Structures are given as structure tokens and as C-alpha cells.
Amino acid sequence: MSNYYPRSPPPLRHPVPTHPTYIPDPPSTPVSPQGYQRFTSSPPAPSINAPIQQQYPPNMTGYSPQFQPQPTHTSQQHAPQFPPQGHVPNLWGVNPATAQFGMQLGQSAVAAGQEYVQKNFGGVVPLSLLKHHFNVSNSYVIRKLRLLIFPWRHRPWTRKIRRSEQGQSEWQPPREDINSPDLYIPVMAMVTYVLFSALHAGLQGRFRPELLGVSASTAVFVVLLDFLFVKLGCYFLNIQGPSQVVDLVSYGGYKFVGVILTLAVGLFDFGGTANFLVFMYAFLSNAFFLLRSLRSVVLPDAINTPANVGTVSHAQRSRRITFLFLVAVLQIVYMGILVRV
Amino acid sequence: MSQHGAAPAYGGNIQPTGGWWTAFGTGGFEGEPPLLEELGINFSHIRAKSLAVLNPLRRVDEHIMDDADLAGPLLFCFCFATFLLLSGKLQFGYIYGVALLGSISIYFLLNVMAEQAIDAYRVVSVLGYCLLPMVGVGAVSVLLTLDGILGYGLSCVSIIWCTYAASGIFVAVLRMSDQRLLVAYPVGLLYGCFALLSVFSDGGASGK
């Protein structure tokens, strides 16, 4: 390895290959004197079907191996740049010109396919909406976790509005608004729940790797069930609002915090009564939190709505309040499923 | 690049004269770079970057991971798996699976959380370089079992060290503000899985 660097070693951050790894085109060679036989074959024009199989090996035109400097993570984005003029290796008797044409055809086909997918399926997962819900900070997460465990004394539960440049009003990101739902806590809580249930099983000596899959499936199933119920209720009661899907998934994911708390307390053997009390407390705080948070979704205030959802009649209002209570009470079913680890 | 060969200076070609079999001979092709350099494996660079990454008291420069090479991380993963093999746990597949799944998840999370985008190679490179303390703990596990108080303590220290280094690099590279703990938590979970693999042998956790 001592002949690695003929010069001083390159700087740490941006290593430069010390050997030029790209063999350039040979300059045009002058006519050899005395007329001895040259070993280069056809001139660089690609359109000539040079007879390939005559004299092997002297018939390879400018073979430049495509050694790109190794950590080019940009190379994944561009197709490998072939130099022009038929510099295609003579593989298995395929005419270099045909091979190059075939490769260009393949590249354009792949590009067209990618463009098609991008156009038609690019909007399935609304990335900007996801980014809004992941725009969290340390202090937000800590305060929100405290809120989930002790929601009784929190005062204003309404979300803050921000007027964007186009004049539309939209919600503030979670960084600035403690009442805004986020996706970081639910996702992390779900992952923690899966790992925690595996730990729980392991500490009782009954760990199998399938348990991870079972817990993950249960968690996804419960969140899906909760979300479907609330969305169906919103559909039947004609509750409209912007960005409902992601918000409802966030609200559905907050129950995992209480479940993890229950499981954590259950790790220490305090007894069945203590476990039951902790579980009831977790359920009650989660239910209260949902009641207060979903209230702004389900019962629109005239003052603070971003979109014009209209006013509701008195009968509708009472129906919506009943729906809200039903959602909150059903949490005990979901949390009960999740705690049975 | 010298163009010497069998033919005199004007003729000949820069082309490898000979078929594919000369690659296996002792002569080799003309002007071929050495194998390690061709593969981009640069041992002194790997060592320098590892030492720079693992010093917990230094300031993280945001350009430290601009060249995301995967040779170092792959080497570390392989060493980790080998040390575990030497201590009796044949878990190459689990390590590969956890590394792959964890890297993909961290890649998605970081892309969604930060203003800037980051590519997957850099994520894997950072996570791999910060695995080095865990490799050290794996080396310790060859000699003495980790399934005890000392082992638990050592594993916790290595998890914290790895997580501290990785979250510092991510926050510096992506210029995230006030999100270090949020990055550290999933990264810590990932390294916790690695620690579980190294502490507990097949068949689950120890009993009480």
C-alpha cells in the first residue's frame, strides 16, 4: 500500500482519486513510418460495421472502462455517461454500433417509464403534508408528551391559524403550536410499542421473532380501525375539514403513549390492581385528550375555522357531541387490545 | 498513462491487448489502477474518518460526510458479525436485516423531518461509521459474556456513544434546529437492537 500515494495524501473530506481512472481517447496517431502494420482497427465513426471477428484481439476500438471514482452517490441519479463515438466494448460479437444504440434505447425507455410513474403516482403520498406533520422540535415533543399524560389543566385547546402568502389560511406547524397534531410521536410510539412488547415477552422467556410481526400487525390494525370509525362518522355526519386523514391518523396514534406507560408499569411486579389503575388512568387521560382535541374538528367554531364549513343546527350539534363521546369511550376497547401483549 | 506495449511509440493502442484472461494473469492490463483504489477502498481514509467521528468531544463539521463511502461501514458490520460468531452467536442474517430495515426507516424519517434532503448512501455511511463502539463491545463479548451487570453497563454505554455520535452528525449535516433528541431516539432504538443481538444469544432474553 505504500505505492498508493505517489504524492501527499489527499485532504480528509474530499478525497481525489490519485490515479486518473478514465483512460482518455488516444490522439489521432500519425501514419506509421515504413508502413508496418498498425494494430488499431476501424476509425472512430460508429456507423461502420467493422468486421469484428477477423483478428481478435487487435480489433477493439478505444475501450474505456467506466471506472468512476467510487463514492459517487450522484451516479445513482444519472445513467453512466458513455463517451460518444462508439466506445462500446466488443462483447460476444455484438457490433459496437448496435450495442451502443441498444443501450441508448434502453436508457430512454427507463427515463420514460420513470416519468410516467412520477406523473401518475407521484401524488399518492402527500409529501408536503407529511413534512408539515413532522416539523417538530424537542420542546414540542416534551410538552406534548406531558400533555398526553396530564391533559386536565391545559387551557386553550384550539389550533392556531397562519395566513400563507396566497391568502389561504392554514394551520401552524407543530413547532409553534402545541395543539397541532404531529406524526412524529405516533410513529415513534408505535415502534416503541412493538419493541416494548418484544422486550416484555423476552423478559418472560417467551420471545420469538414472530412476536414482532404480531405486535406490529396488531398496532396497525387498531389504528386503522380507529381511523375508519372516525372517518365513517365524519362522513355520515357531514363533518368536513382540511387535511382530515393525516390528522385523524395522528390522533389515533396518541393512544400508544398511554399503552406504553401501562406496559412499563407492568414490568415492575406491582400487582394486578396497580396495573388496572394505571391502565384506567391512561385510558381516561387519552379519552379526555381526544375529546378536547377532536372537538375542534367535529364542532366547528365560528371564529377559528380555516375553511368555511358553515354553521350546524342544534340537532346536528347534539348528534356530533354523541359521536365524540362514542369515539372517546371506544378508546378503552382499542387500548385493551393493545395492552394484551 | 504510458502507452508502451509491444508496438513502438507511434503505433499500438492504449487498449488492453489480450483477451479477458489477461486480467487473471500476472501481467494485467496496461495502466490498470491497483485493485483497492479501483474499488474505492482507502484504509487510511477509513481510519481517519472513524477516529474523527468517534471522538465525542469534537465539534462536528457538516462536510465530514460529504464523501459517503460504504466500504468502512461494510467492514464494520462484517467485523461485528464475526466477533459475534466468535462468541458463539451465528447472527449474520439478523444483523443484515436489522441494518437494512433500520437504515431505510432512518432514511425516510430524516427526509421527512429535515428541510434538506439526504440520500440513502450517506445515511447508511453515517450509521455504519457510528457502529464502531458496538464493534468494540462485540470484541469484548468474545472473551467475557455480556449477560451480566458489566455487560449491560457496557452495552448501554456503547449505545449512548453511538447514538450521540450519529445524531450529532445528522444534525450538523442536515442543519436541523432543535431536533437532536428527536433524531437520537430512533437511532438509539436501532443501536439498541444491535446491542440486543450482541447481548442475548438465540432463544430470547435471559430469565430473571
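Helix 8 of chain A is the top contributor to the lining of the largest cavity, giving 4 residues. Keep in mind that this is a predicted model, with an ipTM of 0.76 and a pTM of 0.69 for the complex. The cavity in question holds about 90 Å³ of space.

**Cavities**

- Searching the whole structure turns up 5 cavities of 30 Å³ or more.
- Rolling a probe the size of a water molecule over the atoms is how such empty space shows up.
- In the largest cavity, the lining includes Leu148(A), Ile149(A), Tyr254(A), Val257(A) and Gly258(A).
- Leu261(A), Tyr281(A), Ala282(A), Ser285(A) and Asn286(A) also belong to that lining.
- Three elements of chain A each put two or more residues into this wall: helix 3 (138–149), helix 7 (255–267) and helix 8 (272–298).
- What about the chemistry of the lining? It splits into 7 nonpolar and 3 polar residues, with no charged ones.

**Confidence in chain B**

- Chain B has a mean pLDDT of 81, and 86% of its residues come in at 70 or more.
- Residues 1–5 of chain B are a weak spot in confidence, with pLDDT under 50 throughout. For this stretch the model has 5 contacts beyond four places in sequence.
- Residues 203–208 of chain B also have pLDDT below 50, and here the model shows 9 contacts beyond near neighbours in sequence.

Methods:
Residues numbered from 1 in each chain as written. Chains lettered and ligands numbered in written order. Predicted model: local features only at pLDDT ≥ 70, side-chain atom pairs only at ≥ 80, totals over all residues. Heavy atoms only, no water. pLDDT = per-residue confidence, 0-100. Contact = heavy atoms within 4.5 Å. 1 Å grid on protein atoms, 1.4 Å probe; cavity = no way out; pocket = protein on both sides within 12 Å on 5 of 7 lines; lining within 4 Å. Points joined across faces, edges and corners; volume = space filled by probe spheres on them. Nonpolar A, V, L, I, M, F, W, Y, C, P; charged D, E, K, R; others polar.
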